[in-house]
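Work through the exercises below with the sequence and the model side by side, and try each task before you read its solution.

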Amino acid sequence: INDNAICLCLDGDETTTPNKNIVFNDCRFDIHTTNGSIAAYIADSYDISFLRCHFAGYNDNSERLVIDAKVNNYPYGLSFHDCSTGDLKVIENDGHSIGACYFIGHGTYDNETLVEHPMIWGITDSGIPFGRFGD
């Protein structure tokens, strides 16, 4: 993969062609050691499920998982089951915010950080609740 690349890009149009009802199973989105790259970028999408997927990279100049609220309340209904990511970046500009997203069995075995955002909540692989589940 080259620098400044996106491994998985889900960027539809929220009114006519949103990405919806997609399931990814046992996938690895890996940007390895590239600079300025993104393992997975998600915008204008809803009801997307990731099952046992990993968002990986080995360079601090790249992003593992990016959720972008290009319009209000999108994306929403993203669910991550038994997934791991080294980091998660949420982009919210122009008064737009993401909708609810869930992590069930969020991998912490490689010292992944817990996501801190009011619309993201879940349970770690060791059963520790975070976000609204932890309230």
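**Exercise 1: A loop residue**

Locate D94 in the chain, and then find out whether it is buried or exposed.

Solution. In this predicted model, D94 is found in the loop between strand 10 and strand 11, the latter covering residues 101–106. The next step is to look at its backbone, where phi of D94 is near 55°, a positive value in a residue other than glycine. The last step is to compare its relative accessible area with the cut-off: a residue counts as exposed over 50%, and D94 has 73%, so D94 is exposed.

**Exercise 2: Another positive phi**

Find where D82 lies, and decide which class of accessibility it belongs to.

Solution. Begin with the position, since D82 lies in the loop between strand 8 and strand 9, and strand 9 is made of residues 84–85. Phi of D82 is near 55°, which is a positive value in a residue other than glycine. Its relative accessible area is 28%, and because buried means under 20% and exposed means over 50%, D82 is classed as partly exposed.

**Exercise 3: A cis peptide bond**

Name the residues that the cis peptide bond joins, and say in which loop P75 lies.

Solution. The cis peptide bond joins Y74 and P75, with an omega of about -10°. Following the chain, you will find P75 in the loop between strand 7 and strand 8, where strand 8 covers residues 78–81.

**Exercise 4: The open sheet**

Give the order of the four strands in the open sheet, and identify its edge strands.

Solution. The four strands of the open sheet come in the order 1-4-7-10, and their pairing is parallel. The edge strands are strand 1, residues 6–11, and strand 10, residues 88–92, each of which pairs on one side only. From one strand to the next, the twist averages 10°. To see one pairing in detail, take strand 7, residues 63–69, which runs parallel to strand 10 and is joined to it by five bridges; the bridge partner of V66 in strand 10 is K89.

**Exercise 5: The whole chain**

Count the helices and strands of the protein chain, and judge how compact the chain is.

Solution. The protein chain has zero helices and 13 strands. Its radius of gyration is 14 Å, close to the 14 Å that the globule rule gives for 135 residues, so the chain is as compact as a globular protein of that length. Finally, turn to burial, where 46% of the 135 residues count as buried.

Definitions and conventions. Residues numbered from 1 in each chain as written. Predicted model: local features only at pLDDT ≥ 70, side-chain atom pairs only at ≥ 80, totals over all residues. Heavy atoms only, no water. Pairing = 2+ DSSP bridges. Helix = DSSP H or I, 4+ residues; strand = E, 2+ residues; numbered from the N terminus. Axes fitted to C-alpha atoms, helices over the stretch in contact; angles between N-to-C directions. Buried < 20%, exposed > 50% of the residue type's maximum accessible area, 1.4 Å probe, protein only. Rg over C-alpha atoms; globule rule 2.2 N^0.38 Å.
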